[in-house]
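The following exercises ask you to read a model step by step, each task being followed by a worked solution. Please try each task on the displayed coordinates before reading on.

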Amino acid sequence: GNRSGSSASPDGGRGHLSVFSVLVLTLLAMLVVATFLWNGLVLATILRVRSFHRVPHNLVASMAVSDVMVAGLVWISFDVLCCTASIWNVTAIALDRYWSITRHLEYTLRIRRRISNSMIALTWALSAFISLAPLLFGWGETYSEDNEECQVSQEPSYTIFSTFGAFYLPLCVVLFVYWKIYKAAKFRIGSRTSNSITPITPEALEVKEAAQQPQMVFTVRHATVTFQTDGDTWREQKEKKAALMVGILIGVFVLCWIPFFITELINPLCSCDIPPIWKSIFLWLGYSNSFFNPLIYTAFNKNYNNAFRNLFFRQ
């Protein structure tokens, strides 16, 4: 059983296994194992390295836990719980990056720790509520007598509630957050200043003033000195890297999950007959997001790369 309530057999429900089916099943098994091992490696690194016992690594650990559970507990309510938690953890990381870039003076370590812990607790509580609502409140049938198997409730009202709570709402949040990050980064690039010092003559000064270039000019012992805009500061480089990481994380998240959630929403509402093979493809494409999450995050963090090497090689 799985989130879509249909069989995840790649051959569309046929009783025998062709060579193609065996190949697909092998690739899917490799994806599950790789997802489990890679996220397990991230968790082991965070637990082993003392400097990672702080924000934002607690958010990464929460995301890795949900992604490990996606790989290891793909079964009905656990499936919905883990996938929803994985999606909301991506949202929490995007929000943390947004506040650290746009409000780095007010977003102190103490405030950041408190907010991140609250987001982790809210992520798992919301995911549990969405996944267990049919069992707790009898919201639609969770057992198919025709197929003699458990399934996710196909009640249209629950489908709308779960898809919006598990995907469309966090999608709106992450898109809005990245738009704000992009605007903040663009504003900083347009208004950055540097510390280069260049002596200029009065004639050159008049030309520069006419051009209205941003400069700070002062005179010391009849020598004119100006500070000109030139190059990126360390913080600007860090913010660009963070913005790029969040953008790739969100882009992959959208590409992996949007086909499944579109079909999941329209299927019970319009009674569309979507072939089982496409349901399986969209479902496993969504699962693959749990494999890409740790790859994307750690690829932009040299500290993780060094910590990974230290797990296997003594330096």
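**Exercise 1. Salt bridges**

Task: In this predicted model, Asp 96, Arg 97 and Arg 112 are linked in a network of salt bridges; work out which side chains meet and whether these residues are buried or exposed.

Solution:
- Begin with the pair that is adjacent in numbering: the side chains of Asp 96 and Arg 97 form a salt bridge, with a distance of 2.8 Å from N to O.
- Turn next to Arg 112, whose side chain meets that of Asp 96 in a salt bridge with an N to O distance of 2.7 Å. This pair connects distant parts of the chain, since Asp 96 belongs to helix α3 and Arg 112 to helix α4, 16 residues apart.
- Now apply the cut-off for burial, which is a relative accessible area under 20%. Asp 96 has a relative accessible area of 0% and is therefore buried, and Arg 97, at 9%, also counts as buried. Arg 112 is buried as well.
- Finally, check the total: the count of salt bridges comes to 2.

**Exercise 2. Two residues compared with the cut-offs**

Task: Decide for Ser 86 and for Leu 136 whether the residue is buried or exposed, and describe the setting of each one.

Solution:
- Ser 86 is located in helix α3, which spans residues 76–102. Its relative accessible area is 1%, so Ser 86 is buried.
- Leaving aside residues up to four places away in sequence, the contacts of Ser 86 are Ser 66, Asp 67, Ser 290 and Asn 293.
- Leu 136 is part of helix α4, residues 109–137. Exposed means over 50% relative accessible area, and Leu 136 is therefore exposed, with a value of 58%.
- The setting of Leu 136 is a nonpolar surface patch of about 510 Å², which is made by Phe 129, Leu 132, Leu 135, Leu 136 and Phe 137.

**Exercise 3. The buried side of a helix**

Task: Find which residues of helix α10 are buried, and what covers them.

Solution:
- Helix α10 runs over residues 302–312, and its buried residues are Tyr 304, Ala 307 and Phe 308. They lie on the same side of α10, because the arc that they cover around the axis is only 105°.
- The cover over the buried residues of α10 includes α1 (19–48), α2 (57–72) and α9 (289–299).

**Exercise 4. Annotated spans and the whole chain**

Task: Take the spans that the UniProt record lists as "transmembrane region", examine two of them in the model, and then characterise the protein chain as a whole.

Solution:
- The unreviewed UniProt entry lists residues 20–47, 84–100, 121–140, 160–179, 242–262 and 282–300 under this name.
- Residues 84–100 are 100% helix and 0% strand, with end C-alpha atoms 24 Å apart.
- For residues 282–300, the model gives 89% helix and 0% strand, and the end C-alpha atoms lie 28 Å apart.
- Widening the view, the protein chain contains 10 helices and 5 strands, and buried residues make up 43% of its 315 residues.
- Of the contacts between residues at least 6 apart in sequence, 75% join residues at least 24 apart.
- The accessible surface of the protein chain comes to about 17,500 Å², and carbon and sulfur atoms account for 65% of that surface.

Notes: Residues are numbered from 1 along each chain as its sequence is written. This is a predicted model: local features need pLDDT of at least 70, side-chain atom pairs count only at pLDDT 80 or more; totals for chains, interfaces and linings use all residues. Side-chain values use heavy atoms; hydrogens and water are left out. Buried means under 20% relative accessible area, exposed over 50%, partly exposed in between (1.4 Å probe, protein chains only). Helices (H or I, at least four residues) and strands (E, at least two) are DSSP runs, numbered from the N terminus. The arc is that of the directions from the helix axis to the C-beta atoms. Contact means heavy atoms within 4.5 Å. UniProt positions are given in the numbering used here, feature names are shortened, and annotations may be inferred rather than shown by experiment. Patches are made of residues with over 30% relative accessible area and no salt bridge: like charges are joined within 9 Å, nonpolar side chains (Val, Leu, Ile, Met, Phe, Trp, Tyr) within 5 Å. Accessible areas come from the Shrake-Rupley method with a 1.4 Å probe; for residues, only the protein chains shown count as cover. A salt bridge is a side-chain nitrogen of Lys or Arg within 4 Å of a carboxyl oxygen of Asp or Glu.
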